[in-house]
Amino acid sequence: MAGGVSDKASSKGVRIVVAGDKGTGKSSLIVTAVADTFPTNVPPVLPPTSLPVDIYPEKVPVTIIDTASSAETRGKLAEELKKADAVVLTYACDMPSTLDRISTFWLPELRRLEVRVPVIVVGCKLDSRDEQHSVSLEQVMSPIMQQFREIETCIECSALNHIQIPEVFYYSQKAVLHPTAPLFDQEAQTLKPRCIRALKRIFIICDQDKDGALSDAELNDFQVKCFNAPLQPSEIVGVKRVVQEKLPEGVNDRGLTLTGFLFLHALFIEKGRLETTWTVLRKFGYNNDIRLDADQLPPPIKKTPDQTVELTNEAIEFLKETFSTFDTDGDGSLRTSELEDIFSTAPESPWSEAPYEDAAERTALGGLSLDGFLSEWALMTVRDPIYSVENLIYIGYAGDPSSAIRITRRRRIDRKKKQSDRNVFQCFVFGPKVAGKSALLNSLIGRPFSDDYIPTTEEHYAANMVDQPGGKKTLIMREIPEDVVGQLLSNKDALAACDIAVFVYDSSHEHSWKRTTELLLKVASHGEATGYEAPCLIVAAKDDLDPHMAALQDSTRVSQNMGIDAPIPISTKLGDFNNVFRRIIVAAEQPHLSIPETDAGKSRKQYHRLINRSLVFVSVGAAVTLVGLAAYRAYAARKNSS
């Protein structure tokens with residue numbers, strides 16, 4: 001396999017900032033690199049300097065920025081460092097104190113400024129070093145490189161004697177175009193997990209017959225795609241021989257295995273040929289973070305706040321097939337290892353952290369059912385559609401990325417049409433502390449009831465499929481902690497994505513009901529003020545306890561007064577849910593119903609009705625006047641003609 005630079009990388013210029021203590025030879029280093037002549041007299045700070053484009057094989061424009069290190073120029077220095085693609089830190093080989101400053105000042109300063117780019121440490125004035133007391137560069141730099149992993153490489157040079165001057169900026173440029181850090185763990189001497197995952201995905205794509213190995217023909221196709229040149233039969237034999245000698249399982253009778261493919265890339269990197277692996281990664285659409293570049297994904301989604309994004313039937317069918325393929329034991333659920341296998345070609349599992357980690361139903365053995373699997377995808381698509389599509393591509397979705405998602409109709413239009421066309425419904429769950437909100441979410445995903453109370457301090461989600469007469473729908477419940485409601489409603493579009501709001505209260509406590517009433521009024525008022533009214537249901541939780549009669553009577557009165565259904569009694573402890581999840585979906589599917597009206601909202605509507613009625617009266621009167629005038633004119637015309 002041959003190396004090279006992708007078109008994308010070669011078109012990008014590299015900006016290298018040279019920094020270090022005064023007198024360490026920064027300006028002499030730059031002038032000698034550009035002019036190939038040691039300067040006898042240089043200004044304190046050079047202007048931005050460009051290297052000839054053809055000085056290195058990659059032919060990438062390189063701009064070198066010289067800097068001063070005095071206290072009065074500290075702001076300018078920080079500004080330049082933050083714009084750098086790579087930083088060259090210099091010390092003088094004849095001044096040990098300047099080497100100490102690399103680790104005590106310069107590298108900590110880069111971290112303080114959050115400059116996260118490759119660093120090349122350069123020892124200048126090699127010709128002036130006292131050889132009698134010298135130690136090897138490796139001995140000096142090894143402990144510093146252990147502490148500061150951002151150091152890409154170290155090199156010593158002499159501008160006066162023209163020793164290793166071009167190499168300084170070649171290594172700097174190479175560190176930008178082909179960085180080591182994302183690919184290789186220098187300490188463990190192994191490929192990094194994200195690099196392995198990307199290379200595994202590339203291997204699977206190139207293994208066209210899916211037999212677990214790259215045949216000679218597939219290996220040649222891979223070479224042509226990445227490097228625009230075929231491999232000669234003797235070269236293929238040579239590649240496989242190298243792998244087989246070091247790693248027998250890297251080759252089998254069908255060709256190069258995944259293990260062998262990964263071994264080859266580790267070998268390239270160990271030998272300093274990072275450009276080979278980077279060329280492969282970039283040819284398959286990866287950026288320097290080893291994630292798919294933006295041009296591999298759908299463009300930014302343009303939608304109104306009351307529109308959401310769902311997976312298309314095409315994407316759902318792909319996910320069903322994927323589920324079936326990776327459910328190796330055929331038990332109808334994905335064990336942890338099977339789920340990890342699905343995402344082994346993604347940079348990391350997208351569901352390993354909140355809000356996805358505990359959002360779907362699990363089997364008794366911790367497996368994820370098909371409904372749970374699809375619900376997790378629905379949740380991810382609602383929250384971050386582009387991230388969802390990105391992960392679809394990682395796990396093998398080969399269709400047009402834009403064909404994986406669809407934008408739903410506006411909820412405002414759904415209300416006018418008196419029906420929703422959505423398959424995924426978002427339910428915001430409000431209620432006071434200890435009302436039973438979390439228990440309701442846990443019930444949706446089949447978790448057993450627990451008497452232990454753990455207060456919810458941050459929003460969390462539960463998602464599952466709900467059987468309906470017309471087919472399954474996905475319900476996403478989002479618990480809004482009581483303390484977060486004010487912050488949520490400070491945003492005008494807070495309820496735009498809410499298909500239905502559920503208000504949970506403890507039916508055995510009057511205070512719980514009173515607080516729920518306040519929350520209901522706040523949410524209803526916000527919806528009326530912004531035009532994002534949402535259907536609302538009240539859930540009377542803890543029906544296994546003795547009800548508070550005053551709260552029971554008042555809840556009936558309030559619901560009637562606001563024009564919504566009476567509270568739905570449930571007991572999560574007894575497992576009596578009164579079809580609450582189906583009723584939530586039904587209410588969400590009819591977005592024109594179950595919308596609460598506040599007294600202020602009713603007054604506004606009555607006022608608008610009176611105004612409209614007046615306008616109708618005025619327009620009817622005007623029409624009558626016009627008709628009368630037309631009749632008079634006709635009569636006058638007839639009279640004149642006679």
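Which strands does helix α3 (residues 74–82) lie across? In this predicted model, the answer is β1 (14–20), β3 and β4 (86–92), with the helix running at about 145° to β1.

**Figure 1. The six-stranded open sheet and the helices lying across its strands.** The order of the 6 strands is β2-β3-β1-β4-β5-β6, and their pairing is mixed. The edges are taken by β2 (49–51) and β6 (151–156); each has a single partner strand, so one side of each is left without a neighbour in the sheet. On average, and with direction ignored, neighbouring strands are turned by 25° against each other. Helix α3 (residues 74–82) lies across β1, β3 and β4. Helix α4 (residues 96–112) lies across β1, β4, β5 (119–124) and β6, and runs at about 155° to β4.

**Figure 2. The pairing of β2 with β3, and the loop between them.** Strand β3 (residues 62–66) pairs with β2 in the antiparallel sense, over 3 bridges. Opposite threonine 49 stands isoleucine 64 of β3. The loop between β2 and β3 contains lysine 59. Lysine 59 has a positive phi, near 55°, although the residue is not glycine.

**Figure 3. Glutamate 80 and lysine 76 in helix α3.** A salt bridge joins glutamate 80 to lysine 76, with 3.2 Å between the closest N and O atoms. The two residues are 4 residues apart in helix α3, which means that about one helical turn separates them. Glutamate 80 is buried, because its relative accessible area of 7% is under the 20% limit.

**Figure 4. Glutamate 114 in the loop between α4 and β5.** Phi of glutamate 114 is positive, near 60°, in a residue other than glycine. The residue is found in the loop that lies between α4 and β5. With 55% relative accessibility, glutamate 114 counts as exposed.

**Figure 5. The three-stranded open sheet and helix α10.** Here 3 strands are arranged in the order β9-β11-β10, with antiparallel pairing. At the edges stand β9 (213–214) and β10 (251–252), each with a single partner strand, so one side of each is left without a neighbour in the sheet. Helix α10 (residues 258–270) packs on this sheet and touches β9 and β11; the direction of the helix makes about 75° with that of β11. Strand β11 (residues 255–257) and β10 pair over 2 bridges in the antiparallel sense. Within this pairing, leucine 256 in β11 is the bridge partner of valine 251.

**Figure 6. The salt bridge between aspartate 253 and arginine 254.** The side chains of these two residues meet with an N to O distance of 3.9 Å. Aspartate 253 counts as exposed, at 75% relative accessibility. Arginine 254 is partly exposed, its relative accessible area being 41%.

**Figure 7. The largest nonpolar core and the surroundings of isoleucine 202.** This core has 75 residues, and those with the most contacts inside it are Ile202, Phe373 and Trp377. Helix α10 gives the most to the core, with 8 residues. When neighbours within four places in sequence are left aside, isoleucine 202 is in contact with Phe222, Phe261, Val280, Leu281, Phe284 and Tyr286.

**Figure 8. The region listed as "domain: EF-hand".** An unreviewed UniProt entry lists residues 314–349 under this name. Over these residues the chain is 56% helix and 6% strand. The end C-alpha atoms of the region are 22 Å apart.

**Figure 9. The cis peptide bond between alanine 354 and proline 355.** Omega of this bond is about 5°. Proline 355 is found in the loop between α13 (336–342) and β14 (368–369).

**Figure 10. The salt bridge between aspartate 414 and arginine 422, and a salt-bridge network.** The closest N and O atoms of aspartate 414 and arginine 422 are 4.0 Å apart. Aspartate 414 is buried, with a relative accessible area of 1%, and arginine 422 also counts as buried, at 0% relative accessibility. In one network, Lys433, Glu482, Asp483, Arg515 and Glu518 are joined by salt bridges that share partners. The model's salt bridges come to a count of 36.

Note on methods
Residues are numbered from 1 along each chain as its sequence is written. This is a predicted model: local features need pLDDT of at least 70, side-chain atom pairs count only at pLDDT 80 or more; totals for chains, interfaces and linings use all residues. Side-chain values use heavy atoms; hydrogens and water are left out. Two strands pair if DSSP finds at least two bridges between them. Contact means heavy atoms within 4.5 Å. Axes are lines fitted to C-alpha atoms, for helices over the stretch in contact, and angles run from 0 to 180 degrees between N-to-C directions. A nonpolar core is a set of buried Ala, Val, Leu, Ile, Met, Phe, Trp, Tyr and Cys residues joined through side-chain atoms within 4.5 Å. Buried means under 20% relative accessible area, exposed over 50%, partly exposed in between (1.4 Å probe, protein chains only). UniProt positions are given in the numbering used here, feature names are shortened, and annotations may be inferred rather than shown by experiment.
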